[in-house]
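Dear colleague,

Please find the structure below for your records. My notes on what was found in it follow directly after.

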Amino acid sequence: MGLLFVAAAFLLIGYNLLAGKSVNRAGTVLREQMPDNGPAGSSSSGSPEPGTTELPDYIVNPDMEMPVSEIDGNYYIGILDIPSLELSLPIISEWSYPNLKIAPCRYSGSAYNGNFTIAGHNYRTHFGPIRNLSAGDQVIFTDVKGRSFVYEVRAVETLEPTAIEDMLSDEWDLTLFTCTIGGQMRVAVRCLRI
């Protein structure tokens, strides 16, 4: 029985490492494909062209679908950077259990309309470390068009696993969530756009 537990532990460690490799590859490919647009709403030079007043499409139509980039058969909407945790993670467009094993996924909403929720496994290479975030830490989401949305962590909460309505609160511009170790509860990181 002891050998079975040891073997299971090694399999889990191996799976965690493989999940990290697929995340790193997708993140590298996405970064290579993205234009450098700087903060959302600015051109790459940091200011609009003289004489232009054209608003970005996502401001004109915040309910528009987020653009995607296909990598290895999966559709990604961008990259989430959490500098204080040294995490940079590609985000898959649609949540599903198979997708969640590859990378964090958009659970609901959009960066454009301010009700963005992202789910991730509690793997060390995915969302496992988010429980260590603190109020004031920054989180940056960059869509596949290179537009960056900067958020500030305001709260880290522990929720019941069935508290879906609380998870999807409109009070926050961005919510990141994962399971606690053991999967009995959920950790939700609440952020406002700055």
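Arg 147 and Asp 143 form a salt bridge in this predicted model, with 2.8 Å between the closest N and O atoms. Asp 143 is buried, at a relative accessible area of 0%, and Arg 147 counts as buried too, at 10%. Arg 147 also forms a salt bridge with Asp 57, where the closest N and O atoms are 2.7 Å apart. Arg 147 lies in the loop between S6 and strand S7 (148-159), while Asp 57 belongs to helix H2 (residues 57-60), so this pair ties together parts that are 90 residues apart in sequence. Unlike the buried Arg 147, Asp 57 is partly exposed, with a relative accessible area of 40%.

A further salt bridge joins the side chains of Arg 154 and Glu 152, at 3.0 Å from N to O. Both ends are partly exposed: Arg 154 has a relative accessibility of 40%, and Glu 152 has a relative accessible area of 23%. Through shared partners, salt bridges connect Asp 57, Asp 143 and Arg 147 into one network. The count of salt bridges comes to six.

The aromatic residues deserve a separate note. The structure holds seven aromatic pairs. One of them is formed by Tyr 107 and Phe 177, which meet edge-to-face, with 5.1 Å from centre to centre and 85° between the planes. This pair links distant parts of the chain, since Tyr 107 sits in strand S4 (residues 105-108) and Phe 177 in strand S8 (residues 174-179), 70 residues apart. Phe 177 counts as buried at 8% relative accessibility, whereas Tyr 107 is partly exposed at 29%. Ring pairs also bring Trp 95 and Tyr 97 into a cluster with Tyr 107 and Phe 177.

Leu 133 is placed in the loop between strand S5 (116-119) and strand S6 (138-143). Leu 133 is buried, because its relative accessible area is 5%, under the 20% cut-off. Beyond its neighbours up to four places away in sequence, Leu 133 touches Ile 82, Ser 84, Leu 85, Val 153, Val 156 and Val 189. The C-alpha atoms of Leu 133 and Arg 154 are 9.6 Å apart, with these positions 21 residues apart in sequence numbering.

As to the chain overall, it contains four helices and nine strands. Of its 194 residues, 42% are buried. Among contacts with a separation of 6 or more, 60% are between residues 24 or more positions apart. The chain exposes about 10500 Å², and carbon and sulfur atoms supply 56% of that area.

With kind regards

Terms used: Residues are numbered from 1 along each chain as its sequence is written. This is a predicted model: local features need pLDDT of at least 70, side-chain atom pairs count only at pLDDT 80 or more; totals for chains, interfaces and linings use all residues. Side-chain values use heavy atoms; hydrogens and water are left out. Helices (H or I, at least four residues) and strands (E, at least two) are DSSP runs, numbered from the N terminus. Buried means under 20% relative accessible area, exposed over 50%, partly exposed in between (1.4 Å probe, protein chains only). Contact means heavy atoms within 4.5 Å. Accessible areas come from the Shrake-Rupley method with a 1.4 Å probe; for residues, only the protein chains shown count as cover. Rings of Phe, Tyr and Trp (its six-membered ring) pair if their centres lie within 6.5 Å; planes under 30 degrees apart count as stacked, over 60 as edge-to-face and the rest as tilted. A salt bridge is a side-chain nitrogen of Lys or Arg within 4 Å of a carboxyl oxygen of Asp or Glu.
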